[in-house]
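Thank you all for coming. Please take a moment with the sequence and the structure before I start, and then we will go through a few places together.

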Amino acid sequence: PLIDVDDLEEFAVRPAPQGVTIKCRITRDKKGMDRGMYPTYYLHLEREHGKKVFLLAGRKRKKSKTSNYLISIDPTDLSRGGESFIGKLRSNLMGTKFTVYDNGVNPMKTTSSLEASILRQELAAICYETNVLGFKGPRKMSVIIPGMNMDHERVSIRPRNEHETLLARWQNKNTESVIELHNKTPVWNDDTQSYVLNFHGRVTQASVKNFQIIHDNDPDYIVMQFGRVAEDVFTMDYNYPMCALQAFAIALSSFDSKLACE
């Protein structure tokens with residue numbers, strides 16, 4: 001089925017259709033004065049015959065105390081005030097936990113009389129854990145996303161305070177209406193002397209950043225996978241119930257995570 005991306009803003013937050021893997025590619029652009037520190041990441045949908053369709057761009061904000069990425073549906077406008085601003089990814093001070101927001105209003109910056117419908121939604125939280133092997137072994141990721149209702153629509157999670165956030169719910173084991181995902185544990189390969197996952201040809205270069213996200217109940221169903229194919233090119237594929245914005249932000253967190261050090 002041809003994926004309709006005419007309305008990028010709508011497409012970016014729409015869960016992938018059931019049974020369809022949406023195959024994308026992320027390119028990292030380090031050109032320019034400060035791009036080495038603040039590269040721009042571009043997400044494209046892969047079409048047949050090598051055609052690509054632009055979906056999203058992301059870039060780290062400069063004057064932010066924590067890692068803070070703006071995500072836009074316009075590759076040339078990555079400003080917070082721009083009309084193309086569609087979401088953001090923000091880390092804690094340690095750089096080990098991340099939250100993905102849509103472009104709604106931050107409840108801390110508003111008066112309480114605001115309608116709930118314009119408060120920002122949390123679309124995902126990502127936690128990186130150091131493993132017992134220190135930085136050498138595969139790292140552990142937990143991804144928490146809002147659950148789906150009976151109509152296969154995403155449950156809206158709009159926290160008004162710290163206790164209602166995805167991270168807080170997960171940490172308090174209050175996992176009603178959220179889905180907890182994990183990265184698939186890679187298997188040690190004696191021939192290559194490295195940990196490996198089977199990406200079925202979608203990933204061609206070994207990297208600690210490569211990962212597959214699964215649900216513990218069904219480890220063969222890959223909700224999302226990400227991996228390197230060239231120096232600054234990565235493939236990113238996702239399936240129901242994830243959307244492009246969630247998957248792209250999770251990939252950005254993996255570039256950034258302090259535990260991503262090789």
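**Charges, bridges and one helix**

Let me begin close to the start of the chain, where Asp4 is placed in the segment before helix H1, which covers 8–13. Before going further I should say that what you are looking at is a predicted model, and I will keep to what can be read from its atoms.

Asp4 has a relative accessibility of 42%, so it counts as partly exposed, given that this class runs between 20% and 50%. On the surface, Asp4 gathers with Asp6, Asp7 and Glu9 in a patch of negative charge.

There is also a patch of the opposite sign, and the residues that form this positive surface patch are Arg61, Lys65, Arg80, Arg90 and Lys109. If you would like one of them to look for, take Arg80, which lies in the loop between strand S4 (68–72) and strand S5 (85–91), and which is partly exposed, with a relative accessible area of 36%.

Let me turn now to charges that are paired. How many salt bridges does the count come to? The count comes to 7 salt bridges, and I will take you through three of them.

In one of these, the side chains of Glu10 and Arg14 meet at 2.5 Å, N to O. Glu10 is partly exposed at 37% relative accessibility, and Arg14 is likewise partly exposed, at 27%.

Next, please find Arg25 and Glu46, whose side chains form a salt bridge at 2.8 Å, N to O. This pair links distant parts of the chain, since Arg25 sits in strand S1 (residues 22–29) while Glu46 sits in strand S2 (residues 40–46), 21 residues apart. Arg25 has a relative accessible area of 26% and is partly exposed, and Glu46, at 22% relative accessibility, counts as partly exposed too. Which residues are linked with these two in a network of salt bridges? They are Arg202 and Asp237, so that the network holds Arg25, Glu46, Arg202 and Asp237.

The third bridge joins the side chains of Glu129 and Lys140, at 3.9 Å from N to O. Because Glu129 lies in strand S7 (residues 122–129) and Lys140 in strand S8 (residues 140–146), this pair ties together parts that are 11 residues apart in sequence. Glu129 is partly exposed with a relative accessible area of 30%, and Lys140 is partly exposed with 44%.

Moving further along the chain, strand S11 (residues 194–196) is where we find Tyr195, a residue that is partly exposed, with a relative accessible area of 34%. Between Tyr195 and Val208 there are 8.7 Å in space, C-alpha to C-alpha, and the two are 13 residues apart in sequence.

Finally, let us look at helix H3, made up of residues 244–256. Its 13 residues reach 18 Å from the first C-alpha to the last, which is close to the 18 Å expected at 1.5 Å a residue. Is helix H3 largely enclosed or exposed? Of the 13 residues of H3, 13 are buried, each with under 20% relative accessible area, so the helix is largely enclosed by the rest of the structure.

To gather this up, we have seen a negative patch that includes Asp4, a positive patch that includes Arg80, a network of salt bridges that includes Arg25 and Glu46, and a helix, H3, that is largely enclosed.

Conventions. Residues are numbered from 1 along each chain as its sequence is written. This is a predicted model: local features need pLDDT of at least 70, side-chain atom pairs count only at pLDDT 80 or more; totals for chains, interfaces and linings use all residues. Side-chain values use heavy atoms; hydrogens and water are left out. Patches are made of residues with over 30% relative accessible area and no salt bridge: like charges are joined within 9 Å, nonpolar side chains (Val, Leu, Ile, Met, Phe, Trp, Tyr) within 5 Å. Accessible areas come from the Shrake-Rupley method with a 1.4 Å probe; for residues, only the protein chains shown count as cover. A salt bridge is a side-chain nitrogen of Lys or Arg within 4 Å of a carboxyl oxygen of Asp or Glu. Lys and Arg count as positive and Asp and Glu as negative; His and the chain ends are not counted. The place of a charge is taken as NZ of Lys, CZ of Arg, CG of Asp or CD of Glu. Helices (H or I, at least four residues) and strands (E, at least two) are DSSP runs, numbered from the N terminus. Buried means under 20% relative accessible area, exposed over 50%, partly exposed in between (1.4 Å probe, protein chains only). The expected span of a helix is 1.5 Å times one less than its number of residues.
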